[in-house]
Amino acid sequence: MNLGLLKLILIIIIFSSKILAEPLQMKYANFKLLDKISNKVIEMTIKVDNSIIVETLNISVYSCFTEPPDKIPESYVLIDVMDNYSKKNQSIYKGWMISSSPEITPLEHPIYDLWLIGCSNDNTS
């Protein structure tokens with residue numbers, strides 16, 4: 001193989017990895033919560049590193065990322081959900097939730113469905 005061609009390929013590989021955009025860290029996570037019994041949908045915005053209590057659920061958000069505007073729209077959130085109904089303070093969901101695929105990382109609860117709408121830098125979204 002030609003040494004010049006090998007150098008060119010190596011340069012392309014090195015610089016192409018720097019061109020790939022990193023996900024953007026956001027300040028707020030936007031969710032919808034469905035109460036399956038009353039068929040009521042609650043929209044909420046939670047600030048990163050905070051938690052709120054909605055119905056019997058305590059939802060804590062640890063981080064929220066979204067893809068840059070030039071990529072396919074996608075948001076990821078790291079959450080911990082506890083059900084306060086049983087007074088056991090046991091986590092019923094802990095992990096990453098993906099906005100485009102809620103069926104891949106679902107909150108499995110007999111009363112509630114929770115899904116991520118997206119991440120934003122303001123609490124009005």
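Which residue in strand 8 is the bridge partner of L33? I looked it up, and the partner is L114.

**Ground rules**

I am working from a predicted model, where local features need pLDDT of at least 70, side-chain atom pairs count only at pLDDT 80 or more, and totals for chains, interfaces and linings use all residues. Residue numbers start from 1 along each chain as its sequence is written, and side-chain values use heavy atoms, with hydrogens and water left out.

**Overall layout**

I counted one helix and eight strands in the protein chain. For the record, these are DSSP runs numbered from the N terminus: helices are H or I with at least four residues, strands are E with at least two. Reading along the sequence, I get α-β-β-β-β-β-β-β-β. The protein chain has 125 residues, and 34% of them are buried. My burial scale runs on relative accessible area: buried is under 20%, exposed is over 50%, partly exposed is in between, with a 1.4 Å probe and protein chains only. I also checked contacts with a separation of 6 or more: 47% of them in the protein chain come from residues 24 or more positions apart. Contact here is heavy atoms within 4.5 Å.

**The 3-2-8 sheet**

Back to where L33 and L114 pair up. Strand 2 (residues 28-35) and strand 8 run antiparallel and share eight bridges. Two strands pair if DSSP finds at least two bridges between them. I then looked for the sheet around this pair and found an open one of three strands, in the order 3-2-8, with antiparallel pairing. Strand 3 (40-47) and strand 8 (112-120) are the edge strands with a single partner each, so one side of each has no neighbour in the sheet. The average turn between neighbouring strands of this sheet is 20°, direction ignored. I take axes as lines fitted to C-alpha atoms (for helices over the stretch in contact), with angles from 0 to 180 degrees between N-to-C directions.

**The core**

Which residues touch the most other members of the largest nonpolar core? They are F31, V77, I79 and L114, in a core of 22 residues. I define such a core as buried Ala, Val, Leu, Ile, Met, Phe, Trp, Tyr and Cys residues joined through side-chain atoms within 4.5 Å. The elements giving two or more residues to this core are strand 2, strand 3, strand 5, strand 6 (75-83), strand 7 (91-98) and strand 8. I listed the contacts of L114, leaving out residues up to four places away in sequence: F31, K32, L33, M44, I59, I79, V81, M97 and L107. So the bridge partner of L33 is also one of the residues that touch the most other core members.

**The disulfide**

I found one disulfide in the structure, taking a disulfide as a pair of cysteine sulfur atoms within 2.5 Å. C64 and C119 form it, with their sulfur atoms 1.7 Å apart. The S-S torsion is about -75°, so I noted the disulfide as left-handed. This pair links distant parts of the chain, C64 in strand 5 and C119 in strand 8, 55 residues apart. Buried or exposed? C64 is buried at 0% relative accessible area, and C119 counts as buried at 13%.

**One ring pair**

I got one aromatic pair. My rule takes rings of Phe, Tyr and Trp (its six-membered ring) with centres within 6.5 Å; planes under 30 degrees apart are stacked, over 60 edge-to-face, the rest tilted. F65 and W96 have ring centres 6.2 Å apart and planes at 40°, so I filed the pair as tilted. F65 sits in strand 5 and W96 in strand 7, 31 residues apart. F65 is partly exposed at 23%, and W96 is partly exposed at 41%.

**Positive phi**

Where does N39 sit? I placed N39 in the loop between strand 2 and strand 3. Its phi is near 60°, positive in a residue other than glycine, and N39 is exposed, with a relative accessible area of 61%.

I then went to the hairpin of strand 4 and strand 5, which has two residues between the strands and where E55 takes a positive phi near 55°. E55 is not a glycine either, and at 40% relative accessibility E55 counts as partly exposed. Strand 4 (50-54) and strand 5 (57-66) flank its loop. Five bridges join these antiparallel strands, and I noted S60 in strand 5 as the bridge partner of S51.
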